[in-house]
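The following paragraphs lead through the structure shown below, beginning with a single chain and moving on to the contacts between chains, the core and a few individual residues.

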Amino acid sequence: MNKNAKQVLSFPYIIWMVGFTVIPLLMVFYYGLTDRSGTFTFANVMAIMAEDHMKALLLSLAYSVVSTIICLLIAYPLAMILRTRNIGTGSFVVFIFILPMWMNFLLRTMAWQTLLEKNGVINSILSFLHLPTLSIINTPAAIILGMVYNYLPFMILPIYNVLAKIDNNVINAARDLGADSFQVFSKIMLPLSVPGIISGITMVFVPALTTFVISNLLGGGKILLIGNVIEQEFTKGSNWNLGAGLSIVLMIFILISMTLIAKYDSDGEGTAF
Amino acid sequence: MSQPLIDLVNISKSFDGELILDDLNLSVKENSFVTLLGPSGCGKSTTLRIIGGFTMPDQGKVIFNGEDITRMPPNKRQLNTVFQKYALFTHMTIAENIAFGLKIKGKSKDYINDKIKYALKLVNLDGYENRSVELLSGGQQQRIAIARAIVNEPKLLLLDEPLGALDLKLRQDMQYELIRLKNELGITFVYVTHDQEEALTMSDTIVVMNQGYIQQMGTPEQIYNEPENAFVADFIGESNIVPGIMLHDELVEIFGAKFACVDKGFGNNTPVDVVIRPEDIDLVEPEKGTLEGVVTHLIFKGVHYEMEVTTPDGFEWLVHSTDMFPVGKKVGIHVDPFDIQIMNKPASEDEEAVGVNE
Amino acid sequence: MNKLKRFFQDFYLVLVLIFLYAPIAVMMVLSFNSSKSRSQWGGFTTQWYREMFESPVIMEALYNTLIIAFLSALIATILGTAAAIGISSMKKLPRTIFMGINNIPMLNSDIVTGISLMLMFVAFGVSLGFKTILFAHITFNVPYVMTSVLPKLKQTSKYTYEAAMDLGAGPIEAFFKVVFPDILPGVLSGFLMAFTMSLDDFIITHFTKGAGINTLSTLIYSEVRRGIKPSMYALSTVIFVTVLALLLITNFAPSKAQMEAKAAAAAASGKKPNNWGPKLYKAVLVATSFLIVCGISYTTYRHFDNSNSDELYVYNWGEYIDESVIEQFEEETGIKVTYDMFETNEEMYPIIEAGAVQYDVVCPSDYMIQKMRENDLLMELNLENIPNLEYIDQTYLEKSQSFDPQNKYSVPYTWGTVGIIYNTKRLEELGIEPPTKWSDLWDPRYKGEILMQDSVRDAFMVALKMQGHSLNSTDMTELEDAKNLLLDQKPLVQAYVVDQVRDKMLNGEAAVGVIYSGELLYLQEEAELLELDYELKYVIPEEGSNVWIDAWVIPYNAQNKENAEKWIDFLCRPEIALKNFEYITYATPNIGAFEMLDEETQNNKSVFPDDELLESCEVYQYLGTEADDMYSALWKEIKAQ
């Protein structure tokens with residue numbers, strides 16, 4: 001096949017992308033920038049400045065930043081350990097971390113309720129051991145836990161993938177040149193794993209920022225995140241224009257993460273799968 | 001020069017129950033160029049990694065400059081390594097790669113910059129400071145890896161098949177370059193390769209290894225001309241290894257013909273292995289030779305002709321000669337006494353592996 | 001030192017694995033729990049596994065989930081692989097643009113992707129349903145396929161392709177014989193990834209699904225509010241264990257030769273292979289095709305079972321009918337029922353309004369019926385087709401007149417009150433007298449022990465009634481006061497939930513909760529079954545409360561009006577109403593059914609309160625868009641605080 005013939009192969013998907021990615025996004029902009037009667041307005045986008053929305057957005061940002069950091073802190077050492085282990089063959093790692101996805105996302109999250117409740121599994125174990133019980137259900141801590149739980153695999157896999165690609169001799173070379181364990185980590189491992197970290201961060205941060213399910217299920221309905229606001233505008237408040245307007249605001253954050261990815265991970269090295 | 005720079009004492013190492021090195025002893029003198037030579041899996045790389053500190057021996061000691069460094073981590077050792085596939089840091093520029101070790105030692109900026117310039121000049125890559133590693137060719141990457149190691153002024157430089165990934169012409173150039181560098185810098189080199197030609201070209205001392213044992217250690221001439229066992233003879237250069245009987249001192253019988261030689265002390269009527277290099281066989285008129293045969297194969301190799309001469313017992317002798325004998329011609333085989341190398345027959349395979357290491 | 005380090009590493013690995021798998025273990029245990037409660041162990045049973053296979057709703061959802069996952073993964077794999085090959089020969093700029101757009105669905109948040117697709121489907125008049133979910137899933141699956149195919153394609157030497165052509169293969173033959181086997185691992189892992197993603201997706205499906213179609217995710221979500229049926233846990237356990245077993249068998253018991261080859265390869269390259277082993281693909285493909293075949297054959301059987309052209313689209317609350325009633329209706333009438341569920345009136349309304357989904361019969365609450373009526377979203381009923389209407393108690397028809405003045409549009413289905421449920425033992429522990437009025441819920445001693453309703457009207461009802469106002473108030477100052485009251489109360493509230501009040505009270509999570517009276521019978525039964533050491537009691541607060549009626553209506557765009565009337569008539573049949581009452585335990589307005597009840601239940605004042613108790617209770621009314629917006633703005637303020 002010559003080049004042009006090959007390019008033809010991508011046409012069906014290009015048409016698909018236009019129909020199902022580009023046009024829908026334009027629809028969001030159309031709804032977001034008009035009011036119910038169809039006249040142009042910035043009101044829906046500017047509605048983010050309203051106190052309730054701003055507060056929800058800031059809360060979402062705070063929770064997603066915290067859960068992203070926690071994910072990173074858990075995932076990085078884990079990826080390092082997996083790298084040094086023989087069991088750390090790619091298929092096994094992917095297998096272990098993808099497998100939970102075959103259990104439904106909502107059920108997995110619901111199960112945390114059962115675990116965390118006042119009379120839940122964890123507290124039963126704790127009180128059996130005569131330890132003080134936890135009361136984090138329906139608190140921000142439970143939401144963050146739910147985010148970390150659900151999105152952790154998306155942090156582990158890209159970091160593991162870049163770390164596994166680092167030649168052992170590169171590390172040996174650094175030690176040979178006098179670097180101690182910490183210097184090997186800070187000067188070699190860390191910089192080389194940046195693409196994976198960036199990709200992991202965006203893959204955790206974006207869904208955490210926009211979730212409404214986790215906050216619903218684990219937050220006891222007391223905590224309103226920006227995802228909840230948008231979801232309610234569509235399913236309950238029936239103000240689609242406002243919902244679309246707020247979605248545009250969310251997309252700004254997504255745009256930022258796409259730019260980050262493009263900058264640090266131009267080769268697609270840090271992809272998760 | 002009384003004490004060796006590096007001394008490996010009774011080193012043993014096994015991986016997953018498989019013995020890689022068995023009670024190995026090796027001394028390297030200061031300012032020498034020692035090559036560890038052997039087929040893959042012979043333990044040469046493991047030996048190098050033990051010196052470098054990347055692998056801990058199960059038993060034995062590593063003495064460096066009189067100091068026991070067996071348990072010392074690699075970053076504390078005063079030696080550097082050039083790795084097989086260069087192991088350059090892809091997230092750094094060339095200058096940053098070279099400066100890595102110096103920065104860790106906390107050298108001043110000026111010192112580091114001077115060193116970078118000096119090192120790049122040394123490896124003929126002046127002006128490459130700010131290039132990205134990934135844009136270099138294999139040979140250039142190799143030079144950078146060497147530059148990165150030598151700026152630290154190590155007493156000992158370990159090179160793990162550094163030329164393995166280069167093509168022939170480049171490899172030859174780099175061989176000369178390495179010899180030049182060694183002479184200019186006065187550093188001791190321990191070099192690992194499976195390429196016997198490379199070993200013969202560059203080294204002061206060659207250590208031939210097989211199955212975790214040292215088979216023979218000596219100058220390139222000794223290794224080539226006086227292989228101590230069939231393995232060495234076979235591994236180094238091409239050779240005809242034939243069974244013979246040492247009738248008495250200085251006379252050996254091969255395929256029923258008697259050859260004069262210079263070896264003594266094998267006893268009388270002892271079965272031995274006889275090594276004769278193909279270039280040491282002179283083809284003469286049939287009646288003038290010690291053995292008679294027919295040329296069965298002929299190839300022109302440029303410098304010489306390569307021929308196969310089959311003797312009545314069926315053995316095919318490999319012969320290199322500048323004179324051409326056409327296929328089918330009857331010839332005589334003649335060998336000068338000093339070109340015949342006599343070796344004891346190994347009693348068992350184990351003994352063959354142990355070689356001279358006892 | 002090294003051993004210690006290794007120990008800590010192992011310890012850490014195990015900790016993370018426990019974290020990842022603990023919820024899954026919990027669900028597996030729950031699937032064998034004979035109590036419906038999520039947190040009480042009632043003994044071992046396999047009943048839920050049986051129920052799962054017998055439930056047409058679950059099997060249908062499973063079938064949909066698998067067929068959508070399979071089709072979307074397959075189409076996405078074909079599209080994505082072709083596109084990956086195509087763009088590998090593109091110039092840099094178009095390629096960058098292409099990849100940028102391609103990455104949007106992967107990087108964009110699910111909620112925005114879901115919303116954008118929904119907006120487009122609605123705008124172009126595509127009715128939401130199976131195909132819209134499929135399109136949506138394909139859209140977010142292709143990027144995953146691309147990311148796993150592209151790297152493989154990069155590794156493939158173009159010379160092998162040229163060599164194949166040189167040896168006489170045509171371009172297409174060369175591709176399929178040489179290039180394709182090379183990139184096959186990437187294609188397969190892309191397919192698998194896409195399949196898994198599709199299987200696990202909820203949010204995008206939530207926005208793009210239509211009538212009569214549920215995937216497992218959306219079915220579970222509709223059950224979340226009222227408590228998930230344990231048969232869901234059973235189903236998930238079956239899926240999970242099947243996949244796990246197949247993976248383990250094929251991945252960890254390779255033949256000796258393979259092990260050696262693998263070890264040699266690993267030793268030679270010093271690198272870890274970074275793809276799923278071919279065995280793994282096979283295993284998963286086998287697993288999925290097995291599941292799909294099971295699903296397909298089961299649902300095909302079901303389809304043939306009721307093969308007919310007569311249809312009825314029902315839109316009802318979750319868990320608001322005895323499923324066998326649907327089957328009985330189908331058998332008797334030969335009408336194929338497509339049954340769909342909603343969780344709140346507010347969620348149902350825009351779906352009916354947009355008309356993207358054409359339901360024939362819906363069961364909203366009082367005020368929502370008024371709103372729908374006022375907005376011309378309802379059709380008048382032909383009462384001649386509903387002779388069983390005579391069994392509906394006149395009292396409730398009269399009460400219905402507050403939202404349906406001439407009883408022309410609606411037939412009451414259930415009714416009840418809103419009150420306070422309390423845990424007697426917990427109150428004793430706290431040293432508090434049982435509550436009798438709403439204002440008791442402001443007692444600071446209840447800190448962290450109160451469950452409030454997570455819906456605007458119910459929450460404001462509590463505050464308005466407590467102040468002696470009408471629960472249909474539109475007076476701004478009254479509402480402001482109510483808002484401030486609710487804000488004062490918020491620190492005391494453990495959670496704002498809807499139907500989870502039931503499970504949480506049963507589990508002793510809270511001392512008091514605001515609850516619909518209909519939950520009571522179920523709760524008391526279950527408490528008895530579990531032999532709980534505390535009692536759950538219900539009270540209608542002195543200040544008065546909400547009395548609500550859920551009634552069947554026919555939306556303006558119904559396609560099968562007569563069938564809908566047949567449905568309503570069927571549900572008004574006393575023995576059917578009784579069956580439903582026993583299942584959902586919400587008070588029935590059906591006299592025939594009421595008379596068949598035992599005396600104890602008839603006299604249960606919590607379920608069937610006296611008229612005097614009802615006197616202070618009001619029915620919700622639709623307050624108009626402006627008041628609606630005001631309520632929801634105030635509510636948002638409370639929630640956001």
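In this model, which is predicted, contacts within chain C run mainly between distant parts of the sequence: among those joining residues at least 6 apart, 80% link residues at least 24 apart. The secondary structure of chain C comprises 28 helices and 11 strands, and 49% of its 641 residues count as buried. Chain B has another make-up, with 9 helices and 20 strands, and of its 358 residues 41% count as buried. In chain B, residues 24 or more positions apart account for 67% of the contacts with a separation of 6 or more, and its C-alpha atoms fill a box of roughly 75 × 45 × 40 Å along the principal axes.

How, then, are the chains arranged with respect to one another? There are 2 pairs of chains in contact, and of these chains A and C share the most contacts, whereas chain B and chain C do not touch, their nearest C-alpha atoms being 11 Å apart. Chain A, for its part, is in contact with chain B through 15 of its residues, which meet 19 residues of chain B.

The contact between chains A and C takes 91 residues from chain A and 99 residues from chain C. On the side of chain C, the largest share, 12 residues, is supplied by helix H1, which spans residues 2-30 of that chain, and the residues of this side divide into 61 nonpolar, 27 polar and 11 charged. One helix pair that spans the two chains can be followed in detail: the axes of H2(A), residues 11-32, and H3(C), residues 56-87, come within 8 Å and cross at roughly 115°. Here A:Pro12, A:Tyr13 and A:Trp16 from H2(A) meet C:Leu79, C:Gly80, C:Ala82 and C:Ala83 from H3(C), a set of residues that divides into 6 nonpolar, 1 polar and no charged.

Turning to the contact between chains A and B, where 15 residues of chain A meet 19 of chain B, one finds that helix H9 (168-176) and helix H10 (181-192) of chain A each supply at least two residues of the side that touches chain B. The largest share of that side, 6 residues, comes from H9(A), and the side as a whole divides into 7 nonpolar, 4 polar and 4 charged residues.

Within chain B, a second helix pair offers a useful counterpart. The axes of H2(B), residues 94-104, and H4(B), residues 138-150, come within 7 Å and cross at roughly 30°; because that angle is under 35 degrees, H2(B) is roughly parallel to H4(B). Their crossing is right-handed, and the residues that meet are B:Ile94, B:Asn97, B:Ile98 and B:Phe100 in H2(B) with B:Ile144, B:Ala147 and B:Arg148 in H4(B). By type, the residues of this contact divide into 5 nonpolar, 1 polar and 1 charged.

Which residues have the most contacts inside the largest nonpolar core? That core has 356 residues, and the ones with the most contacts inside it are A:Ile156, B:Leu157, B:Val190 and C:Val361. In soluble globular proteins, nonpolar side chains tend to be buried together. Beyond its neighbours within four places in sequence, C:Val361 is in contact with C:Leu312, C:Val314, C:Trp552, C:Ile554, C:Ala564, C:Trp567 and C:Ile568.

Some individual residues complete the tour. Most residues other than glycine have a negative phi, and against that background two residues of chain B may be examined. B:Asn10, in strand E1 (residues 6-15) of chain B, has a positive phi near 50°, and B:Asn10 counts as exposed because it has 12 C-beta neighbours inside 10 Å. B:Tyr86, which lies in the loop between strand E6 (79-82) and H2 of chain B, also has a positive phi, of about 70°, but B:Tyr86 has 24 C-beta neighbours inside 10 Å and therefore counts as buried.

In chain C, the residue to look for is C:Ser632, which is found in helix H28, residues 624-640. The C-alpha atoms of C:Ser632 and C:Val456 are separated by 6.6 Å, although the two residues are 176 apart along the chain. With 18 C-beta neighbours inside 10 Å, C:Ser632 counts as partly exposed.

Note on methods
Residues are numbered from 1 along each chain as its sequence is written. Chains are lettered from A and ligands numbered from 1 in the order in which they are written. A nonpolar core is a set of buried Ala, Val, Leu, Ile, Met, Phe, Trp, Tyr and Cys residues joined through C-beta atoms within 7 Å. A residue is buried if 20 or more other C-beta atoms lie within 10 Å of its own, exposed if 12 or fewer, and partly exposed in between; C-beta atoms are placed from the backbone. Two residues are in contact if their C-beta atoms, placed from the backbone, lie within 7 Å. Helices (H or I, at least four residues) and strands (E, at least two) are DSSP runs, numbered from the N terminus. Axes are lines fitted to C-alpha atoms, for helices over the stretch in contact, and angles run from 0 to 180 degrees between N-to-C directions. Angles under 35 degrees count as roughly parallel, over 145 as roughly antiparallel, 65 to 115 as roughly perpendicular and the rest as oblique. A crossing is left-handed if the near helix is turned anticlockwise from the far one by less than a right angle, and right-handed if clockwise. Ala, Val, Leu, Ile, Met, Phe, Trp, Tyr, Cys and Pro count as nonpolar, Asp, Glu, Lys and Arg as charged, and the others, Gly among them, as polar.
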